[in-house]
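I opened this model to follow its strands, its turns and its core, and I kept the entries below as I went.

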Amino acid sequence: QVQLVESGGGLVQPGGSLRLSCAASGLTIRRYVMNWYRQGPGKERELVAGITSTGDSTNYADSVKGRFAISRDNALNTVYLQMNSVKPEDTAVYYCNAVHKQIVTLNYWGQGTQVTVSS
């Protein structure tokens with residue numbers, strides 16, 4: 001059974017930092033492109049950041065470029081999202097997503113972790 005379990009969310013003040021983790025089980029993430037999505041209140045789910053299976057390429061939403069960093073540790077089967085200089089508009093539920101690099105129908109989601117940016 002495939003599971004993606006996010007952790008590290010919580011309440012953070014504007015300008016602060018947070019690191020999200022996504023621990024995978026039931027699959028080997030080195031075969032997967034890994035993504036972080038988010039869904040804010042009253043908003044559609046959007047792609048925040050993605051990283052290739054080898055980690056040699058990343059992409060970011062314009063709204064988080066220069067502030068967030070995605071990384072992966074294939075040995076630990078875990079993906080991270082370092083969030084710096086957070087803003088109130090970063091408030092959302094953050095979801096981990098895995099898409100097989102060759103079989104795109106193998107597509108898995110975590111349950112999400114809440115991030116609230118507020119003073």
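**Hairpins**

I began with the hairpin that β4 and β5 form, which has six residues between the strands, and I noted that Gly-42 in its turn has a positive phi of about 70°. Strands here, numbered from the N terminus, are DSSP runs of E with at least two residues, while helices are runs of H or I with at least four; two strands count as paired if DSSP finds at least two bridges between them.

Before going further I wrote down the terms of reading: this is a predicted model, in which local features need pLDDT of at least 70 and side-chain atom pairs count only at pLDDT 80 or more, whereas totals for chains, interfaces and linings use all residues. Residues are numbered from 1 along each chain as its sequence is written, and side-chain values use heavy atoms, with hydrogens and water left out.

Strand β4 covers residues 32–39 and strand β5 residues 46–51; I found the two running antiparallel, joined by five bridges. Within this pair, Asn-35 stands opposite Gly-50 of β5.

I then followed β5 onward to strand β6 (residues 58–60), with which β5 pairs in the antiparallel sense over three bridges. Here Ala-49 stands opposite Tyr-60 in β6, and in the hairpin of these two strands, again one with six residues between them, Gly-55 takes a positive phi near 80°.

The next hairpin I looked up joins β7 and β8, with four residues between the strands and a positive phi of about 55° at Asn-77 in the turn. Six bridges hold strand β7 (residues 68–73) and strand β8 (residues 78–83) in an antiparallel pair, where Ser-71 stands opposite Tyr-80 of β8.

In a regular strand the side chains alternate between the two faces of the sheet. For β7 I listed Phe-68, Ile-70 and Arg-72 on the covered face, and Ala-69, Ser-71 and Asp-73 on the uncovered one.

**Asn-35 and Arg-31**

I returned to Asn-35, which lies in strand β4, to ask whether Asn-35 is buried or exposed. Its relative accessible area is 9%, so I entered Asn-35 as buried; the cut-offs are under 20% for buried, over 50% for exposed and partly exposed in between, with a 1.4 Å probe and protein chains only. Leaving aside neighbours within four places in sequence, I found Asn-35 in contact (heavy atoms within 4.5 Å) with residues including Leu-47, Gly-50, Tyr-95, Cys-96 and Val-99.

Arg-31 lies in the loop between β3 (18–25) and β4, and with a relative accessible area of 38% Arg-31 is partly exposed. Apart from neighbours within four places in sequence, Arg-31 is in contact with Ser-53, Val-99, His-100 and Lys-101. Of these I checked Val-99, which is 68 residues from Arg-31 in sequence and 8.5 Å away in space, C-alpha to C-alpha.

**Disulfide**

I found one disulfide in the structure, a pair of cysteine sulfur atoms within 2.5 Å by the criterion used. The disulfide joins Cys-22 to Cys-96, with 2.1 Å from S to S, and at -80° about the S-S bond the link is left-handed. Cys-22 lies in strand β3 and Cys-96 in strand β9 (residues 92–100), so the pair ties together parts that are 74 residues apart in sequence. For burial I entered a relative accessible area of 0% for Cys-22 and of 0% for Cys-96.

**Core and whole chain**

Which residues have the most contacts inside the largest nonpolar core? I found Met-34, Trp-36, Leu-81, Met-83 and Tyr-94, in a core of 28 residues; such a core is a set of buried Ala, Val, Leu, Ile, Met, Phe, Trp, Tyr and Cys residues joined through side-chain atoms within 4.5 Å. β3, β4, β5, β7, β8, β9 and β11 (113–117) each supply at least two residues of this core. Setting aside neighbours within four places in sequence, I listed the contacts of Tyr-94, among them Glu-6, Leu-20, Trp-36, Phe-68, Leu-81, Met-83 and Val-115.

For the protein chain I counted zero helices and eleven strands. Buried residues make up 41% of its 119 residues, and among contacts between residues at least 6 apart in sequence, 54% join residues at least 24 apart. Lastly I noted that the C-alpha atoms fill a box of roughly 40 × 25 × 25 Å, taken along the principal axes.
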